[in-house]
Amino acid sequence: YPMKKLFAAIVSLVLVLSLAASALADPIRVGIIQMADNGAFTDMREGYIDHMRELGYGEDDMVFDYRNAQGDMTNLVSICQAVIESGADYVVTIATPPTQAFLNMDSDIPLFFISVSDPIAAGVMTDMAHPDKNATGTSNAIPVDEMFKLSDQLTPGCTTYGLIYCTSEVNSVSTATQAKEYMDANGLKYAEAVVTNSGEVQQAVESLIGRVDAIFVPNDSVVQTAMTVVAEAACDAKLPVYGSSAVMVASGAFATISISDRQIGAITADMSDQYLKGAAIEDIPALVVDEFTMVINKATTEAIGVTLSDEVLSQAELVE
């Protein structure tokens, strides 16, 4: 009888150890939520995933559950709820709308965001240095003063700028407000053309033609999805369009001072790695990424009749 009890105890211990080992072997589940399809968001997502793999989280260690709302806010809310129910260990959101939507779910799942231009204005946190809503990540705040300096360098003489942005995107409104404050302080004029969806973009850009010398598009996922529409209309009118990402320039905008989308994804991956190694979210400060590159569309340059100096050509990254 004592031997049977000993044998049963050994079997129970083996079972417990086996279950523990199985639990340890379970991969980390990462939910990735993206608002819409565009090259910038894709580069951010791939930059994040690739760097997590580089950090040693292989396919057996970490599983990515990627979901795309296809630009639909109702779908976005459903996706956020589905990711919570899936049992994700933490969530990565790309851009401001998915970040706000997920936080509004009030779950206890940690959140790492990529490319939220103004996290405080978006309600994601109250202090960049000390995240207080179980969320941290990277900001791609656009340096509006540098954007206007770029315009002065590439297309001097512009005195009136057109602004195209979506009124429901906090990051766009915030950047547009900064741009208007800069122009007010520097004797420049502006005209606004606001939209609520990508279907309104063509009418918006056409409303600015003949009234402005150049167009500035803030970080705006709605306008970015229709960037080719903006670029074509502006090229026909010989208007330079200053975008806020390299993807906008690749889609036909004239030029930008750009942050690398893959790099901002990789920086957010480093922050996730800190968390997985034991750091608390509130101890991982949100970061404003400020390493910029001048990006110019070569074909658009020719189409609008701009001549670039040798100095600019030596500094810029040229895309077709």
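Which side chain does the side chain of Asn68 make a polar contact with? Let's take a look, keeping in mind that this is a predicted model.

## Asn68 and its surroundings

The partner is Tyr66: the side chains of Asn68 and Tyr66 make a polar contact at 3.0 Å. The side chain of Asn68 also has a polar atom 2.7 Å from the backbone nitrogen of Gln70.

Where does Asn68 sit? You'll find Asn68 in strand 2, which covers residues 62-68. Its relative accessibility is 14%, so Asn68 counts as buried. If you skip the neighbours within four places in sequence, Asn68 is in contact with Gln34, Met35, Ala36 and Asp37, plus Asn75 and Ile79.

## Helix 4 under cover

Now hop over to helix 4, residues 96-103, which is mostly covered, with six of its eight residues buried. Those are Thr96, Pro97, Pro98, Thr99, Ala101 and Phe102.

What does the covering? Among the elements over these buried residues are three strands: strand 1 (28-34), strand 3 (90-94) and strand 4 (111-114). Helix 3 (73-85) and helix 6 (170-185) are also included.

## Cysteines without a bridge

How many disulfides does a search of the whole structure find? Zero. Take Cys158: the closest cysteine sulfur is the one in Cys235, and at 14 Å that is too far for a bond. A disulfide needs the two sulfurs within 2.5 Å. Seen from the other end, the sulfur of Cys235 has Cys158 as its closest cysteine partner, again 14 Å away and too far for a bond.

Are these cysteines buried or exposed? Cys158 is buried, with a relative accessible area of 10%, and Cys235 is buried too, at 18%.

Definitions and conventions: Residues numbered from 1 in each chain as written. Predicted model: local features only at pLDDT ≥ 70, side-chain atom pairs only at ≥ 80, totals over all residues. Heavy atoms only, no water. Buried < 20%, exposed > 50% of the residue type's maximum accessible area, 1.4 Å probe, protein only. Helix = DSSP H or I, 4+ residues; strand = E, 2+ residues; numbered from the N terminus. Contact = heavy atoms within 4.5 Å. Polar contact = N/O pair within 3.5 Å; in protein donor to acceptor, adjacent residues only side chain to side chain.
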